[in-house]
Structure formats: structure tokens, C-alpha cells
Amino acid sequence: MPRNYALIIPAVNEESSVADVLQAIPAGLFSQVLVVDNGSRDRTAEVAGQAGARVVREPRRGYGLACQAGLRALGDKFDAVAFIGADLSDDPADLAALVREYETGGLDLVMGSRVLGHAEPGALMPLQRFGNALATRLIRWIWGERFTDLGPLRLIRREALDRLGLRDPDFGWTVEMQAKGARIGLRMTEIPVSYRRRRAGKSKISGTFGGSVHAGWKLLWTIYRCCRWPAGSRSRADASRAAGAGKN
């Protein structure tokens with residue numbers, strides 16, 4: 001059976017790298033590749049379109065908002081959705097390893113771990129490492145799920161994604177996915193991936209000390225919100241499926 005996976009690439013002012021990311025994606029992995037232009041002030045959308053991607057615009061800044069816009073544009077016709085950054089920090093070649101691990105069977109979410117893999121010197125700043133370590137340790141203490149990283153490179157089953165009902169509008173999106181996944185018992189794993197320093201542009205999170213501190217507080221706040229999340233309630237997708245079954 002042919003793969004029915006989609007790839008979402010949130011992008012903000014990445015005209016110098018987005019085409020290289022698109023060209024480096026291994027052939028045959030995805031039925032659709034979608035770039036979400038998240039309020040860029042440069043030619044990101046134009047360059048992505050010329051490189052063959054479908055482009056969706058989300059003018060409201062925020063990583064989570066960009067991911068949500070991409071998911072709305074995709075609809076429900078894809079079995080699984082992957083995410084990767086547009087700045088070439090993640091290696092698109094690692095997407096093939098994510099897909100292989102996912103297709104071993106029985107998994108809902110496969111994440112790329114920069115901690116288990118190789119990060120270039122200077123690619124992960126000390127505050128990033130500390131924030132990731134603290135957040136993943138909290139998830140382990142609260143829900144018993146072991147993670148080593150909160151990196152953006154990941155592939156998730158669409159049905160599982162619908163169950164999570166992710167709401168975070170910015171960089172709490174990844175930790176929300178993992179914390180809620182741990183709370184409801186998704187089948188998750190990490191694989192080693194590589195991580196590089198940005199080749200151009202400026203990080204939206206770790207580019208400044210203040211940004212890194214804010215990101216750390218956001219991770220903790222997101223985990224707290226996930227503790228209060230009513231995991232027993234059904235998502236709209238669950239309710240729709242149940243209503244449809246009742247009519248048969």
C-alpha cells in the first residue's frame with residue numbers, strides 16, 4: 001500500500017534555506033509537502049512555491065499556530081503527519097529514519113532526539129539543554145514516560161494527533177504533544193537524529209538569553225496545563241466517529 005503521509009514545514013523568514021530543505025527531503029516519503037509561511041517579511045512563500053511545495057499562509061506568529069494552520073489545510077485524508085523546521089538545523093535525510101521506525105508497526109509517535117544523536121557544537125545552547133532536560137524529567141516523574149528531547153522533528157499518526165487536541169500557539173506545541181501523549185498512553189519512541197547550527201537567519205527561541213528563559217517558563221507552564229487537561233473527555237473527532245457509528 002502506498003504511503004499516505006504529509007509533511008508540514010513551519011517557516012518564518014527562511015528564504016535562504018527553505019528551498020534547500022525541500023530539495024533534501026528523501027523522495028517517495030510524503031504524498032504532500034506543505035510549507036506554512038508564518039508571517040514572513042521576506043520571499044519565503046515565493047521560494048517555497050517555486051521549489052515545489054504547497055504554501056499556506058498563517059500571518060499570526062507562533063509555531064503552534066503555524067502547525068495548526070497546516071493541519072487544517074491538510075484535512076483528514078492523511079494517515080500520518082511529520083514536522084520539520086525550515087532552517088536546515090534538522091537534517092531532512094533523518095525523515096526517512098522516522099518513517100522506517102514508524103512503519104515497524106504499533107507506534108503512534110516517533111520523535112527525533114538530538115540528545116541521542118549528534119548535535120554540532122553550538123547548535124544546542126546550554127539553556128536549551130537545561131530546559132529540555134528539566135521538561136523531560138518532569139514528564140517522567142508525572143507520567144512515567146522517558147524522553148530525552150523536545151525537538152521539532154517528529155512523525156505522528158493523524159488519529160492520535162486528533163485525540164490530543166493540541167492548543168498551544170507557539171513553542172509549547174512539542175512539549176504539549178509529548179506530555180498529553182504520555183498522559184493518555186500513546187505508543188511513542190525516540191530515534192537519534194543530527195542537529196546543526198543555523199546556516200542563516202536568527203533563532204526565534206534561542207537567539208537571545210531572554211528568549212531562552214521565556215521558552216523555559218513556557219515549557220513548565222505547558223506541562224502544568226497538561227496535568228489539568230481532562231484526558232478522559234472525547235475530542236471532536238472521537239465524538240464525530242461515535243455519532244457516525246450510532247447511525248449504522
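Begin by selecting strand 4, residues 80-83, in this predicted model, and look at its two sides in turn: Ala80 and Ala82 lie on one side, Val81 and Phe83 lie on the other, and all four are buried, so that both faces of the strand are covered. In a regular strand the side chains alternate between the two faces of the sheet.

Keep strand 4 on screen and add its neighbours. Strand 1, residues 5-11, runs parallel to strand 4 and is joined to it by 4 bridges, and within this pairing tyrosine 5 has alanine 80 as its bridge partner. Strand 6, residues 154-157, also pairs with strand 4 over 4 bridges, but in the antiparallel sense, and here alanine 80 stands opposite arginine 157.

Now narrow the selection to phenylalanine 83, which counts as buried at 1% relative accessibility. Leaving aside residues up to four places away in sequence, phenylalanine 83 touches a list of residues that includes Leu7, Ile8, Tyr63, Cys67, Leu71, Ile156, Trp173 and Met177. The largest nonpolar core has 34 residues, and Phe83, Ile156 and Met177 are those that touch the most other members. Apart from this core lies another, of 32 residues, with Tyr5, Leu7, Ala48 and Val193 among them. As background to both selections, nonpolar side chains tend to be buried together in soluble globular proteins.

With phenylalanine 83 still selected, turn to the aromatic rings, for which the count comes to 3 pairs. In one of them, the ring centres of phenylalanine 83 and tryptophan 173 are 6.2 Å apart and the planes stand at 65 degrees, so the pair is edge-to-face. This pair links distant parts of the chain, since phenylalanine 83 is in strand 4 and tryptophan 173 is in helix 7, 90 residues apart. Tryptophan 173 counts as buried as well, at 2% relative accessibility.

From tryptophan 173, extend the selection to the whole of helix 7, residues 173-184. Helix 7 has 12 residues and reaches 17 Å from its first C-alpha to its last, close to the 16 Å expected at 1.5 Å a residue. Helix 7 is mostly covered, with 10 of its 12 residues buried, and among these buried residues are Trp173, Glu176, Met177, Lys180 and Ala182. Beyond its end, select glycine 185, which follows helix 7 and has a positive phi near 80 degrees.

The next stop is helix 3, residues 63-74, whose 12 residues should span 16 Å at 1.5 Å a residue, and whose end C-alpha atoms are 17 Å apart, which agrees. Because 9 of its 12 residues are buried, helix 3 is largely enclosed by the rest of the structure; the buried residues are Gly64, Leu65, Ala66, Cys67, Gln68, Ala69, Gly70, Leu71 and Leu74. To see what surrounds them, show strand 1, strand 2 (32-37), strand 3 (54-57), strand 4, helix 6 (158-164) and helix 7, against which the buried residues of helix 3 pack. Glycine 75 follows helix 3, and its phi is positive, near 75 degrees.

Two residues other than glycine also deserve a look for their backbone angles. Asparagine 13, in the loop between strand 1 and helix 1 (18-24), has a positive phi of about 55 degrees although it is not a glycine, and at 30% relative accessibility asparagine 13 counts as partly exposed. Leucine 88, in the loop between strand 4 and helix 4 (94-102), has a positive phi near 70 degrees, but leucine 88 is buried, with a relative accessible area of 14%.

Move next to aspartate 108, in the loop between helix 4 and strand 5 (109-119), which counts as buried at 3% relative accessibility. Not counting residues up to four places away in sequence, aspartate 108 touches Tyr102, Leu155, Ile156, Arg157, Ala160, Leu186 and Arg187, and Arg157 is the residue that stands opposite alanine 80 in the pairing with strand 6.

Finish with two places where a basic side chain lies over a ring. Arginine 114 lies over the face of tyrosine 195, at 4.7 Å from the ring centre, while lysine 218 lies over the face of phenylalanine 171, at 5.7 Å from the ring centre.

Key. Residues are numbered from 1 along each chain as its sequence is written. Side-chain values use heavy atoms; hydrogens and water are left out. Buried means under 20% relative accessible area, exposed over 50%, partly exposed in between (1.4 Å probe, protein chains only). A nonpolar core is a set of buried Ala, Val, Leu, Ile, Met, Phe, Trp, Tyr and Cys residues joined through side-chain atoms within 4.5 Å. Contact means heavy atoms within 4.5 Å. The expected span of a helix is 1.5 Å times one less than its number of residues. Two strands pair if DSSP finds at least two bridges between them. Rings of Phe, Tyr and Trp (its six-membered ring) pair if their centres lie within 6.5 Å; planes under 30 degrees apart count as stacked, over 60 as edge-to-face and the rest as tilted. A charge sits over a ring if NZ of Lys or CZ of Arg is within 6 Å of the ring centre and within 35 degrees of the ring normal.
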